[in-house]
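Visitor: I am new here. Please walk me through this structure, and show me how each label is earned.

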Amino acid sequence: MSSKRAVHVVGVGMIPFTKPGASDPYTVMGARAAQAALNDAGVPYDQVQQAYVGYVYGDSTAGQAAIYGVGLSGIPVFNVNNNCSTGSSALFLARQAVESGMVECAIALGFEQMQPGALKGAWDDRPSPMARFAEVMEEHQGFEPATPRAAQFFGGAGRDYMAQYGIRPDTFGRISVKARQHAARNPLALFRQTLTLEEVMAAPSVFAPLTRYQCCPPTCGAAAAIVCSAEFAKKHGLDTRVVIKAQAMTTDTPSTFEEKDMRKVVGYDMSVAAARQVYEAAGIGPEDLDVVELHDCFTANELITYEALGLTPEGTAERFIVDGDNTYGGRVVTNPSGGLLSKGHPLGATGLAQCAELVWQLRGAAEQRQVEGARLALQHNLGLGGACVVTLYERV
């Protein structure tokens with residue numbers, strides 16, 4: 001949907017991501033990121049009218065516990081949990097509140113204090129939200145109890161792509177090489193050491209074609225954004241250079257479960273639909289984009305998302321990668337931050353960390369990662385279960 005009134009991102013904040021066990025508690029991380037965004041905007045907390053706070057692994061009202069570290073102003077605080085798209089879901093709600101005229105200024109905050117190891121559900125005495133997805137996967141490709149389930153979902157999507165287009169396994173590995181090269185320029189990223197293609201492919205296999213370096217790590221961290229109306233920004237003398245031009249959120253349709261294609265199971269059609277809505281609302285096409293932060297939880301998902309977002313036609317992702325059209329000097333710079341693969345993936349924070357990166361890019365403040373002349377930036381954040389949020393930012 002297009003904006004009813006302009007919504008500006010006037011402040012962003014992010015703390016360095018760390019491995020589980022090396023971080024502050026979520027209360028401290030969340031408060032730090034929120035305060036950083038407020039400081040960046042130049043807005044005191046008592047001017048914020050609503051807060052949307054996202055996390056996946058935590059008890060109820062953890063959002064209040066985190067944001068109370070910034071202030072106790074009595075405003076509504078909404079807790080958001082949408083798996084890996086949690087942060088952008090919080091941003092969607094904050095943007096919607098401002099756009100509709102309900103509030104003039106809102107904060108979206110995301111954090112995650114994760115545990116080591118593969119993702120797993122917190123409850124074993126009730127149906128899993130992922131049960132239907134797992135049933136489709138098991139029927140299609142089987143299930144390996146000793147292998148992380150997320151790797152089987154996304155690795156399976158990679159296998160189905162390979163079966164259709166016959167690409168080489170090391171094409172996926174090239175995405176990890178690119179991610180590390182980008183992360184080497186990002187002081188906030190978790191993995192800043194570069195890797196060769198040989199090192200990526202020689203790493204232990206997790207679920208073919210994915211090796212260990214092609215899977216995002218469990219991560220702790222937090223990020224936040226302040227959004228407001230043009231009137232509020234003018235009144236307070238805020239930086240209005242970045243506007244949310246369009247934003248869409250989609251969930252699963254029958255194709256996820258009926259087409260027996262792991263690409264569909266992991267959200268390809270959600271991504272296609274959200275991107276189309278955004279392009280139509282903004283009156284642009286993917287060829288107009290300068291920089292993209294997309295959901296590379298596994299290399300296979302980055303590859304199929306190139307096509308879902310229309311960055312390259314269906315079936316051409318391998319050439320897009322081999323030709324370097326996904327990085328500096330190519331057609332569009334993807335994941336300049338290092339992405340989830342190298343920056344890290346604290347589930348609730350990821351969508352807002354993507355937002356922060358793109359705001360810095362549009363301000364011309366991304367330092368060594370700067371995409372020259374960036375004017376249009378696209379964000380893609382995906383959560384199995386499922387939800388996809390695509391956001392277009394414009395420098396005005």
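Guide: Asp261 sits in the loop between helix H9 (255–258) and helix H10 (262–265). Keep in mind that this is a predicted model.

Visitor: Why is Asp261 called buried?

Guide: Its relative accessible area is 12%. Buried means under 20%. Therefore Asp261 counts as buried.

Visitor: What makes the link between Arg263 and Asp261 a salt bridge?

Guide: The side chains meet at 2.9 Å, N to O. The cut-off is 4 Å, from a side-chain nitrogen of Lys or Arg to a carboxyl oxygen of Asp or Glu, so the pair qualifies. Arg263 is buried, as is Asp261.

Visitor: Which backbone atom does the side chain of Asp261 reach?

Guide: The backbone nitrogen of Arg263, at 2.9 Å.

Visitor: How do you know that Lys264 and Asp269 form a salt bridge?

Guide: Their N to O distance is 3.4 Å. That falls within 4 Å, so the name applies. Lys264 has a relative accessible area of 16%. The limit for buried is under 20%, so Lys264 is buried.

Visitor: What makes Arg369 and Glu357 a salt bridge, and which parts does the pair tie together?

Guide: The side chains meet at 2.9 Å, N to O. Again, that is within 4 Å, so the pair counts. Arg369 lies in the loop between helix H15 (347–363) and E11, while Glu357 lies in helix H15, so the pair ties together parts 12 residues apart in sequence. Both Arg369 and Glu357 are buried.

Visitor: How many salt bridges does the structure hold?

Guide: It holds 19. Arg5, Glu104 and Glu231 are linked in a network of them.

Visitor: Why can such side chains pair at all?

Guide: Side chains of opposite charge can pair when their charged atoms come close.

Visitor: On to the rings. Why is the pair of Tyr26 and Phe111 called stacked?

Guide: Two values decide. The centres are 5.3 Å apart, and the planes differ by 20 degrees. Centres must lie within 6.5 Å to pair, and planes under 30 degrees apart count as stacked. Therefore this aromatic pair is stacked.

Visitor: What does the pair tie together?

Guide: Tyr26 belongs to helix H1 (residues 26–41) and Phe111 to strand E4 (residues 105–112), so the pair ties together parts 85 residues apart in sequence.

Visitor: Are these two residues buried or exposed, or in between?

Guide: Tyr26 has 27% relative accessibility. Partly exposed runs between 20% and 50%, so Tyr26 is partly exposed. Phe111 has 2%. That is under 20%, so Phe111 is buried.

Visitor: Which residues form one aromatic cluster with them?

Guide: Tyr26, Tyr55 and Phe111 form one cluster. The structure holds 7 aromatic pairs.

Visitor: How do you know that Arg95 lies over the face of Phe92?

Guide: Arg95 is at 4.5 Å from the ring centre. The distance cut-off is 6 Å, with an angle limit as well. Arg95 is listed as lying over the face. Arg126 lies over the face of Trp123 too, at 4.3 Å from the ring centre.

Visitor: What is notable about the backbone at Thr61?

Guide: Thr61 has a positive phi of about 65 degrees, although it is not a glycine. Thr61 sits in the loop between strand E2 (50–54) and helix H2 (62–67).

Visitor: Why is Thr61 called partly exposed?

Guide: Its relative accessible area is 43%. That lies between 20% and 50%, so the label fits.

Visitor: Where are the cis peptide bonds?

Guide: One joins Ala208 and Pro209, with omega about 10 degrees. Pro209 is in the loop between strand E5 (205–207) and strand E6 (210–211). Another joins Gly385 and Gly386, with omega about 5 degrees.

Visitor: What makes a set of residues a nonpolar core?

Guide: The residues must be buried, of nonpolar or aromatic kinds such as Leu and Phe, and joined through side-chain atoms within 4.5 Å. The largest core here has 59 residues. Those with the most contacts inside it include Phe153 and Leu289. Helix H11 (residues 268–282) gives the largest share, 8 residues. A second, separate core of 37 residues includes Ile15 and Val48.

Conventions:
Residues are numbered from 1 along each chain as its sequence is written. This is a predicted model: local features need pLDDT of at least 70, side-chain atom pairs count only at pLDDT 80 or more; totals for chains, interfaces and linings use all residues. Side-chain values use heavy atoms; hydrogens and water are left out. Rings of Phe, Tyr and Trp (its six-membered ring) pair if their centres lie within 6.5 Å; planes under 30 degrees apart count as stacked, over 60 as edge-to-face and the rest as tilted. Helices (H or I, at least four residues) and strands (E, at least two) are DSSP runs, numbered from the N terminus. Buried means under 20% relative accessible area, exposed over 50%, partly exposed in between (1.4 Å probe, protein chains only). A charge sits over a ring if NZ of Lys or CZ of Arg is within 6 Å of the ring centre and within 35 degrees of the ring normal. A polar contact is a pair of N or O atoms within 3.5 Å; within protein, one must be able to donate a hydrogen and the other to accept it, and residues adjacent in sequence count only if both atoms are side-chain atoms.
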